[in-house]
Amino acid sequence: MGSSTCSFKILAEEGEARSGLITTAHGELKTPALLIHTSAGLPPFITVDNLAMLRPEAAALQICAAHFLEYPSPKEIKKI
């Protein structure tokens, strides 16, 4: 197998809790962290005003370009 593109290093432990650092090809992410999953660019079940409050705490967003391809374009919607 080739070399790993992702690693996790424990930085501190106390009891059963731990903090660490995830390293990927795209950068580093300190843990624990809030990772937000999105659908069509927006996190489901979180209103825009609440999303703004999470911004300093959010460490990363997961965005899938395919979500934008699954919906009809505004031009197609106007035809309906």
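**Strand β3 and its neighbours**

Biologist: Leaving aside its neighbours within four places in sequence, which residues is Leu29 in contact with?

Modeller: Happy to start there, keeping in mind that this is a predicted model. Leu29 itself lies in strand β3. Once residues within four places in sequence are set aside, its contacts are Gly20, Leu21, Ile22, Leu35 and Ala59.

Biologist: Is Leu29 buried or exposed?

Modeller: The cut-off to keep in mind is that a residue counts as buried under 20% relative accessible area. Leu29 has a relative accessible area of 17%, so this residue is buried.

Biologist: In β3, what is the bridge partner of Ile22?

Modeller: Ile22 is among the residues that Leu29 contacts. Strand β2 covers residues 17–24, which places Ile22 in it, and β2 is joined to β3 by bridges. The bridge partner of Ile22 in β3 is Leu29.

Biologist: How many bridges join β2 to β3?

Modeller: One of them pairs Ile22 with Leu29, and in another the partner of Gly20 is Thr31. The two strands run antiparallel, and the number of bridges between them is 5.

Biologist: How many residues does the hairpin between β2 and β3 go through?

Modeller: Strand β2 takes up residues 17–24, and β3 takes up 27–31. The hairpin that joins them goes through 2 residues.

Biologist: Which strands stand at the edges of the sheet?

Modeller: The sheet is open, with 3 antiparallel strands in the order β1-β2-β3. An edge strand has a single partner, so one side of it is left without a neighbour in the sheet; here that applies to β1 (7–14) and β3 (27–31).

Biologist: By how many degrees are neighbouring strands of this sheet turned against each other on average?

Modeller: The strands to compare follow the order β1-β2-β3. With direction ignored, the average turn between neighbours is 15 degrees.

Biologist: What is the relative accessibility of Thr31?

Modeller: Thr31 has its place in strand β3. Beyond residues up to four places away in sequence, Thr31 touches Phe8, Ser19, Gly20, Leu21 and Ile22. Thr31 counts as buried, because its relative accessibility is 17%.

Biologist: Which element of the chain has the highest mean pLDDT?

Modeller: Across the chain the average pLDDT is 78, and 78% of the residues score at least 70. Where pLDDT is low, the predicted coordinates should not be read in detail. Among the elements, helix α2 (residues 66–69) has the lowest mean, 70, while the highest, 95, belongs to β1.

Technical notes:
Residues are numbered from 1 along each chain as its sequence is written. This is a predicted model: local features need pLDDT of at least 70, side-chain atom pairs count only at pLDDT 80 or more; totals for chains, interfaces and linings use all residues. Side-chain values use heavy atoms; hydrogens and water are left out. Two strands pair if DSSP finds at least two bridges between them. Helices (H or I, at least four residues) and strands (E, at least two) are DSSP runs, numbered from the N terminus. Axes are lines fitted to C-alpha atoms, for helices over the stretch in contact, and angles run from 0 to 180 degrees between N-to-C directions. Buried means under 20% relative accessible area, exposed over 50%, partly exposed in between (1.4 Å probe, protein chains only). Contact means heavy atoms within 4.5 Å. pLDDT is the predictor's confidence in each residue, from 0 to 100.
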